[in-house]
Amino acid sequence: MATPKLSRLPSVRDRVEDTLSVHRNELVSLLSRYVAQGKGILQPRHLIDELENVIGDDAGRRILRDCPFSEVLKSAQEAIVMPPFIAIAVRPRPGVWEYVRVNVYELSVEQLTISEYLHFKEQLVDMSSDRYMLELDFEPFNATFPRPTRSSSIGNGVLFLNRQLSSVMFRNKESLEPLLDFLRVHKHNGYVMMLNDRIQSISHLQSALAKAEDHLAQLPLDTPYPEFEYVFQGMGFERGWGDTAKRVLEMIHLLLDILQAPDPSTLETFLGRIPMVFNVVILSVHGYFGQANVLGLPDTGGQVVYILDQVRALEGEMLLRIKKQGLDVTPRILIVTRLIPDAKGTSCNQRLERVSGTEYTHILRIPFRSEKGILHKWISRFDVWPYLETFAEDAASEIVGELQGHPDLIIGNYTDGNLVASLLAYKMGVTQCNIAHALEKTKYPDSDIYWKKFEDKYHFSSQFTADVIAMNHADFIITSTYQEIAGTKNTVGQYESHSAFTMPGLYRVVHGIDVFDPKFNIVSPGADMCIYFPYSEKAKRLTAFHCSIEKLLFDPAQGDEHIGVLDDPSKPIIFSMARLDRVKNISGLVELYGKNAELREMVNLVVVAGYNDVKKSDDREEIAEIEKMHNLIKKYNLHRQLRWIAAQTNRAQNGELYRYIADKRGIFVQPALYEAFGLTVVESMTCGLPTFATCHGGPAEIIEDGVSGFHIDPYHPDQAAGLMVDFFKKSKEDESLWVKISEAGLQRIKERYTWKIYSERLMTLAGVYGFWKYVSKLERRETRRYLEMFYILKYRDLVKSVPVVADDQPSVTEATAAFRGP
């Protein structure tokens, strides 16, 4: 039997050359059509559309659909046209890229490096672009560090890390010394935990563990730790192993297993139980961070809800673990945010505020200050960059004062919070976790290559630079979905878009963030089960809100809180709730509804979003969307079928509103152009409301299409409307369909999206990464020195171009609003 020969897979260049040699005329015709469009960027749909146009009804050209170049086009993410050249960025699978350039006149093909491709792209903006512009390349720092290679492994960083590093570190007894050192350094407020200085070696540890196991075997499993604490101290053990003989025995067995036959899952379980995290700092800098009357204010939405739910679950998990560890320690969580003296009726001007539903969690507010003094008013998240370094310095001293020491874990949120978290973690030597929520670069197409067009309003040069610094500085990164990291087969992930990009005239990133890096972990949040619960749980229903809900929905009076009248209140309701900005696409839902006569005949539309009066808004995008909403209502004559309700800040009432819509056999629609996660999707499904949500981003993972909800494409609104019509028709004929989708949605949430699961996972990750940071090169000192240089030499200069706003002058946002008028 012949031995099969191994051969490499053909490169993109090979496939293009193969097509040129076999289908020369057809390919020249296609490439010429691309070149004829002139200098610019072609998106994937343009590339495929032109392919279909070339094929047309010509049977001879249909072979193009099956040729190697067709496969290249199907995985292409963009093409740069600069006659006679076409350069194509090809993504065969998530996280893997190739670049090729074709000279259409000479029919020659060349493979490009990332740097060459980006330099070619820069010439769209400036033909004299310097080939030797500053390049950022983090790959050399990570070249020897283990990372997965399969796209399916992305987002399972801790699993991979434990598997790889445990196999390296536990080859012999000498390799176990770092674990012993790690257990011996554990202290909290001066008190030694886990091991004392009686245990000096691995062999001594193994002997002590065997003696401890024998001693515990003679005790009832529920024996409290204090009853054998003195004996254990004599053996070399301190508190932290457990609160009862049973839990201590479990920990001893885990460690003995690790010392004898290391297993990644056993190691993760053991590390997750070691007492390491008592004080946590969470950064959320921009917007109005408060517990009441803030939702719907500029830059204030899902992130605030996420963090408040997060800390309640996290404190509960910390208290539970501390109890099980047999410790008498009081945990602390500080949410560090901006203090806004002009607080607009909120508590954002209070320095310290306890979070309701917790005992040991507080919001710590610190003002923005500059050489002009303390800034009193709100400013947009796009304008905060000049204040962040001073904010970090002030925060450091305030945090140490509150905690009487350093935190054990720092968690950043969004770009500004992640940058401040990086500065604090670097200064304090603390484990850092990043949560992006949303990365602006993916929201605004071509905002990197054409950054100068966006700079006056958005200051993206500062933001994208801050993102690169924070991503690479973090010890681990939490995302809500796989798509947030690496997208789908056909779409690029938020983080993946930062792997290689260019801002002409500033710098090009040839290796920014690697989505295969084991720092990435998917940890999905949930909804607050006290507020969001199924409509069918009648005993828990908040019926006291029904009068106010019915007034919101059906009161014929028109004003600031609601406009539009529902002529037929008996109809089911399409419901949506979001901030009123371009990406959330509420206006797109209104237009979708307005255009479809059949849908309008069957159901009403209710949206809760922003303000309905431009005079009330300071946000430039919201102002544009308010105007668009009014125009659409007028254009499609929706005054008697649409109810537009201003943003509602009472979460308990909002939870009952979801359930009220479910009572009327309605649906929830999330129509965003892109959604990183989709907290409202989780909320609606938790209430049992069948949900239709965007296929772009996190909701595509939350919902199993056609099973626990439905995917809709906001770029194809007619199809989305047809899907809703079909659902309402079938549900009217057979109500069991509505119930089936509702129940499947509830089951999906129960299995995957709860804060209990989230908090358990976050605490385990903090322990695992804290361990590996201590015993390995995961600290990445070289990378951090490189980042420090980039921060000082580039970021600080970029920030100087962002105006420092004084209280007596408008910000860019306010000036835009004033210019647009009412």
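For my purposes, two strands pair if DSSP finds at least two bridges between them. Worth keeping in mind: I'm working from a predicted model.

**Entry 1, the sheet.** I started with β18 and strand β19 (residues 507-511), which pair in the antiparallel sense over three bridges. I looked up Met503 too, and its bridge partner in β19 is Tyr507. Then I traced the whole sheet: three strands, open, in the order β6-β19-β18, with mixed pairing. β6 (135-137) and β18 (501-503) are the edge strands with a single partner each, so each has one side without a neighbour in the sheet. I also checked the twist, and neighbouring strands here are turned by 15° against each other on average, ignoring direction.

**Entry 2, what lies on the sheet.** Which helix lies across β6, β18 and β19? I found helix α5 (residues 114-122) there, running at about 150° to β19.

**Entry 3, a helix pair.** Next I turned to helix α18 (residues 460-473) and helix α30 (residues 781-799), whose axes come within 10 Å and cross at roughly 165°. Angles over 145 degrees count as roughly antiparallel, so that is what I call α18 relative to α30. I noted the crossing of the two as left-handed.

From α18, I listed Ser461, Ser462, Thr465, Ala466, Val468, Ile469, Asn472 and His473 in the contact. From α30, I have Thr783, Arg784, Leu787, Phe790, Tyr791, Tyr795, Leu798 and Val799. Sorting the residues of this contact gave me nine nonpolar, six polar and one charged.

Conventions:
Residues are numbered from 1 along each chain as its sequence is written. This is a predicted model: local features need pLDDT of at least 70, side-chain atom pairs count only at pLDDT 80 or more; totals for chains, interfaces and linings use all residues. Side-chain values use heavy atoms; hydrogens and water are left out. Axes are lines fitted to C-alpha atoms, for helices over the stretch in contact, and angles run from 0 to 180 degrees between N-to-C directions. Helices (H or I, at least four residues) and strands (E, at least two) are DSSP runs, numbered from the N terminus. Angles under 35 degrees count as roughly parallel, over 145 as roughly antiparallel, 65 to 115 as roughly perpendicular and the rest as oblique. A crossing is left-handed if the near helix is turned anticlockwise from the far one by less than a right angle, and right-handed if clockwise. Contact means heavy atoms within 4.5 Å. Ala, Val, Leu, Ile, Met, Phe, Trp, Tyr, Cys and Pro count as nonpolar, Asp, Glu, Lys and Arg as charged, and the others, Gly among them, as polar.
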